[in-house]
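Please load the model in a viewer and keep a selection panel at hand. The tour begins with the whole chain and then moves from one site to the next.

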Amino acid sequence: MSQPVQDRRWWRPRLDRPALVALLLGLVGVGYRLVLTLYTVPASNSDEATFGLAALHISEGRAHPVFLYGQRYMGMLESYLAAPLIWLAGPSWPVLRLPMLVLYALFLYLIHRLTRRVCAPWFATFVVGLLALGPERVVRDQLTVVGGRPEAKPAVVLMLLVAVGLAAGTIHRRRPAVGLFGLLAGLALWSDWLIAPYLLVSGLLLLYAIRRELLGWAGALLVAGFVVGVAPMIWANVVAPPGQDSWSVLREISTRPGPEPSWALRLRGGLVEGVPLAGGLCPIDGCGRWQEWFGYLYPLLLLVAAALAVIFYRRTAGGPRGRRIGPVTHLALVAGAALTLLSYVRSPLAALDPLANARYLSLLQISLPAVLWPLWLAAVAGWRGTVGAFGRLSGAVAAVVLAALAVTSLVVTVRYATDGVAASRDEERQARELATVLRADGPHEVYGDYWICNRLVFDTAEEVVCGVVDDNLRPGQNRYLPYWRQVGRAARPGYVVEADSVADFRLRRLLGDELDRTPVRDVGGYRVYHPPSPVRPWR
């Protein structure tokens, strides 16, 4: 255990061997992600740039958005976290992503603390080691500013730790701790609705831990903290026009027209592909057959973990609540993972595009200790020889599964670090080259597609503004309408398209005879047109 010792000159904590190894593994994971952050890997995009532009507007006092520009449900907590840094250092991708790196480090620390409390020290070290690894799908969810998940995970784990500490009696300022629990729940729900299953099970765990106290001032502080945290979302929905509240928008998104995919396709996309992708066992372009095994195994691990937690709970019957909080926490983590998976596979997105939507399962990292705990117990029992022949065989199989998880994650991470980073760096270089050229020589008002526009605006700190058009050169998804209006007022707007794309060919056809008098430049993989007169076919 970690124990404080008193020195004559200063106080310092002494780490036991599992904690020291976990610290070293955590530092490796944070250092690896710090290097990626400094080099803007994974590559930026316009979704992330929208959060960055909101952070820029917040830092300048120009706006205080509740939801992501152009949406009514994704909270802007990440933009508010980045705003002070952007105010100090100016807009850049490393500055924007630095709070995400801090949140990742906080998550590692908290998940280690929780796992030590309800499992075992060396197992907590193993969990930290797995979470320190990360191919592109994993680090993209952890480092890019796209809303919700980076801040929701440490918030939930801290809530669980608060509930465990209250049940065990190790938290002395109990009422403020309960108020903090409510505040974290409200902030997490405002930030991302996907965290709702984990908020539900965390609330039930708190109810189990201190149900009598919640009838008094502690319950009032819980409600007050939650209301304060979720207040921005409540206010925005109260003043929203009919049909534009968060619930209506989310319901519309989840009921897209078209044939409903079968449950077989949803389960395959959600479990067989989604779980290994979110767990870091596959590259971002998909899982090979040999990497899908964990998706098949995951539901079985959930069932075994739940059964084991029930057995441990029954064995501690009649004991103090502090001893029984461990199995109940395991049940909460298993239920959170099960509810998250169920809500995901119910959506057609799990079947239609599992590669792009596996990011919604990154929250399953919260339940990793509970899911792998039965394997660890079996492996340790088999290693110590305290079980019979069948137990030793089960322990050997469990050890192989744990080793396969670690080795597969390591291989995929190393492959990404050695082969996949170059593509992100090349994409980022082209985007920055485009920003540099337009910033220096213009045009400063341009039209482009969605994946060009907001990234270009952020890269140029709004010195170049961009209005979004689709492949047919019609108005597209303009998240921040002032940019569209500004380009619409420009006397001579330009166009930025990907070279030889559909939009490029349509624009050349549209220009017709004007093409010979239109300055055209190739910048990286982009083509910049600056027609002598405005080209706005939608007018």
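For the charge count used here, Lys and Arg are taken as positive and Asp and Glu as negative, while His and the chain ends are left out. In this predicted model, the chain carries 54 positive and 38 negative charges, and the mean positions of the two sets lie 15 Å apart.

**The whole chain**

Select all C-alpha atoms. Along the principal axes they fill a box of roughly 85 × 60 × 50 Å. The radius of gyration is 26 Å, which agrees with the value near 24 Å expected for a compact globule of 539 residues. Switching to a cartoon representation shows 21 helices and seven strands.

Next, display the molecular surface. The accessible surface comes to about 24700 Å², and carbon and sulfur atoms account for 63% of that area. Of the 539 residues, 53% are buried. A contact map offers a complementary view: among contacts between residues at least 6 apart in sequence, 72% join residues at least 24 apart.

**Aromatic pairs**

Now select the rings of Phe, Tyr and Trp. How many aromatic pairs does a search of the whole structure find? The search returns 15. Start with Tyr447 and Trp538: their ring centres are 5.1 Å apart and their planes meet at 80°, so the pair is edge-to-face. An angle over 60 degrees is what places a pair in that class. Tyr447 belongs to strand β3 (residues 445-448), whereas Trp538 lies in the segment after β7 (526-529); the two are 91 residues apart, and the pair thus links distant parts of the chain.

Are these two residues equally covered, or is one buried and the other partly exposed? Tyr447 has 0% relative accessibility and therefore counts as buried. Trp538, at 21%, counts as partly exposed, because the buried class ends at 20%.

Keep Trp538 selected and add Trp484. These two rings form a tilted pair, with 5.2 Å from centre to centre and 35° between the planes. Trp484 sits in helix α20 (residues 481-489) and Trp538 in the segment after β7, so this pair ties together parts that are 54 residues apart in sequence.

For a further aromatic group, select Phe123, Phe126, Trp373 and Trp376, which ring pairs link into a cluster.

**Ile86 in helix α3**

Move to Ile86, located in helix α3 (residues 77-89). With 3% relative accessibility, Ile86 counts as buried. Beyond its neighbours within four places in sequence, Ile86 is in contact with Gly52, Ala55, Leu56, Ser59, Pro91, Val95 and Leu96. For Leu96, 10 residues away along the chain, the C-alpha atom is separated from that of Ile86 by 7.0 Å.

**Arg140 in helix α6**

Select Arg140, in helix α6 (residues 136-143). Is Arg140 buried or exposed? Its relative accessibility is 17%, so Arg140 counts as buried. Apart from neighbours within four places in sequence, the contacts of Arg140 are Pro42, Ala43, Asn45 and Ile284.

**Thr316 between two helices**

The last stop is Thr316, found in the loop between α13 (293-315) and α14 (321-345). Thr316 has a relative accessible area of 12% and is buried. Display Arg323 and Arg324 as well: Thr316 touches both, when residues up to four places away in sequence are not counted.

Conventions
Residues are numbered from 1 along each chain as its sequence is written. This is a predicted model: local features need pLDDT of at least 70, side-chain atom pairs count only at pLDDT 80 or more; totals for chains, interfaces and linings use all residues. Side-chain values use heavy atoms; hydrogens and water are left out. Helices (H or I, at least four residues) and strands (E, at least two) are DSSP runs, numbered from the N terminus. The radius of gyration is taken over C-alpha atoms; the globule rule is 2.2 Å times the number of residues to the power 0.38. Buried means under 20% relative accessible area, exposed over 50%, partly exposed in between (1.4 Å probe, protein chains only). Contact means heavy atoms within 4.5 Å. Accessible areas come from the Shrake-Rupley method with a 1.4 Å probe; for residues, only the protein chains shown count as cover. The place of a charge is taken as NZ of Lys, CZ of Arg, CG of Asp or CD of Glu. Rings of Phe, Tyr and Trp (its six-membered ring) pair if their centres lie within 6.5 Å; planes under 30 degrees apart count as stacked, over 60 as edge-to-face and the rest as tilted.
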